[in-house]
Amino acid sequence: MAILKIAKMGHPVLRRVAEPVEDPTSPEILKLAGDMMETLEDIGGAGLAAPQVHASKRLVMFHVPALRGNGEAVPFTVMANPVIEPLGEETAEDWEGCLSVPGLRGLVRRPARIRYHGYGLDGQKIEREAGGFHARVVQHECDHLDGVLYPQRMHDLTRLIFESEFRFHATEART
């Protein structure tokens, strides 16, 4: 396995729609997933999408620690060809950061609850419903597969701030 270079905002791979994964059990995808896992473990973070490591494939991985999941942890998940469906009209606004947009955070509004499905590395279907941070991280990572970075989701760019200034904004109300 290898630690891969993270593509930064402005790189063309982050602006295009990623290619579907034909077979999530293929040696090529298993190697990519293994390298992505090692990269995410090395750099830290809640998730990673293949385009972030210069691979235009519809592959994401994420986990939700119990601390971020309101006491409910979501195990490390690798998913090919994810599809997201919002559940209802309710939205939630919260701060996001991204390995491909280093040093910045932004206040982003997203659907509060979602249903998602895709395929694991064993070829089995994964289907879940999610809310809170779990829903946010899945939506954030899946945006990468469609060439979207979180600043493009922001409604108010005055809420795009440097991480070093986050302490002044961390306690702002979230709706």
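# Working through the model: helix, sheets, rings and cysteines

Helix α2 (residues 132–145) has 14 residues and spans 21 Å from its first C-alpha to its last, close to the 20 Å expected at 1.5 Å a residue. That expected span is 1.5 Å times one less than the number of residues. Helices (H or I, at least four residues) and strands (E, at least two) are DSSP runs, numbered from the N terminus.

Before you start: this is a predicted model, where local features need pLDDT of at least 70 and side-chain atom pairs count only at pLDDT 80 or more, while totals for chains, interfaces and linings use all residues. Residues are numbered from 1 along each chain as its sequence is written, and side-chain values use heavy atoms, with hydrogens and water left out.

## Exercise 1: the surroundings of α2

Find out how many residues of α2 are buried, and look at what comes just after the helix.

Step 1. Take the cut-offs: buried means under 20% relative accessible area, exposed over 50%, and partly exposed in between (1.4 Å probe, protein chains only).

Step 2. Count along the helix: 13 of the 14 residues of α2 are buried, so the rest of the structure largely encloses it.

Step 3. Step past the end: Gly147, just after α2, has a positive phi of about 75°.

## Exercise 2: the sheet of 5 strands

Work out the strand order in the open sheet of 5 strands, then say which strands stand at its edges.

Step 1. Trace the order, which is β1-β2-β3-β6-β7, with antiparallel pairing. Two strands pair here if DSSP finds at least two bridges between them.

Step 2. Go to the edges: β1 (47–49) and β7 (125–131) each have a single partner strand, so one side of each has no neighbour in the sheet.

Step 3. Check the twist, which averages 40° from one strand to the next. For this, axes are lines fitted to C-alpha atoms (for helices over the stretch in contact), and angles run from 0 to 180 degrees between N-to-C directions.

Step 4. Zoom in on β6 and β7, an antiparallel pair with 7 bridges. Arg115 sits opposite Glu129 in β7.

## Exercise 3: the sheet of 3 strands

Do it again for the open sheet of 3 strands: what is the order, and which strands are at the edges?

Step 1. The order is β4-β5-β8, and the pairing is antiparallel.

Step 2. β4 and β8 are the edge strands, each with a single partner, so one side of each is left without a neighbour in the sheet.

Step 3. Ignoring direction, neighbouring strands of this sheet are turned by 25° against each other on average.

Step 4. Look at β4 and strand β5 (residues 101–111): they pair antiparallel over 7 bridges, and they form a hairpin with 2 residues between them. Thr91 stands opposite Pro111 in β5.

Step 5. Move to the other partner of β5: 3 bridges join β5 to β8, and the two run antiparallel. Leu104 faces Phe162 in β8, and Gly106 has Leu160 of β8 as its bridge partner.

## Exercise 4: pairs of rings

Find the aromatic pairs and say how their rings meet.

Step 1. Set the rule: rings of Phe, Tyr and Trp (its six-membered ring) pair if their centres lie within 6.5 Å; planes under 30 degrees apart count as stacked, over 60 as edge-to-face and the rest as tilted.

Step 2. Count them: you get 2 aromatic pairs.

Step 3. Take Phe62 and Tyr116, with centres 6.0 Å apart and planes at 80°, so this pair is edge-to-face. Phe62 lies in strand β2 (residues 59–64) and Tyr116 in strand β6 (residues 113–119), so the pair ties together parts 54 residues apart in sequence. Phe62 is buried at 0% relative accessible area, and Tyr116 is buried at 0%.

Step 4. Take Trp95 and Phe166, whose centres are 5.5 Å apart with planes at 85°, so this pair is edge-to-face. Trp95 lies in strand β4 (residues 91–98) and Phe166 in the segment after β8 (160–162), so parts 71 residues apart in sequence are tied together. Trp95 is buried, at 6%.

Step 5. Look over the face of Phe166: Arg105 lies there, at 5.2 Å from the ring centre. A charge counts as over a ring if NZ of Lys or CZ of Arg is within 6 Å of the ring centre and within 35 degrees of the ring normal.

## Exercise 5: the cysteines

How many disulfides does the whole structure hold?

Step 1. Use the cut-off: a disulfide is a pair of cysteine sulfur atoms within 2.5 Å.

Step 2. Search the whole structure, and you find 0 disulfides.

Step 3. See why for Cys142: its sulfur is 13 Å from the closest cysteine sulfur, in Cys98, too far for a bond.

Step 4. Check burial: Cys98 counts as buried at 10% relative accessibility, and Cys142 is buried at 7%.
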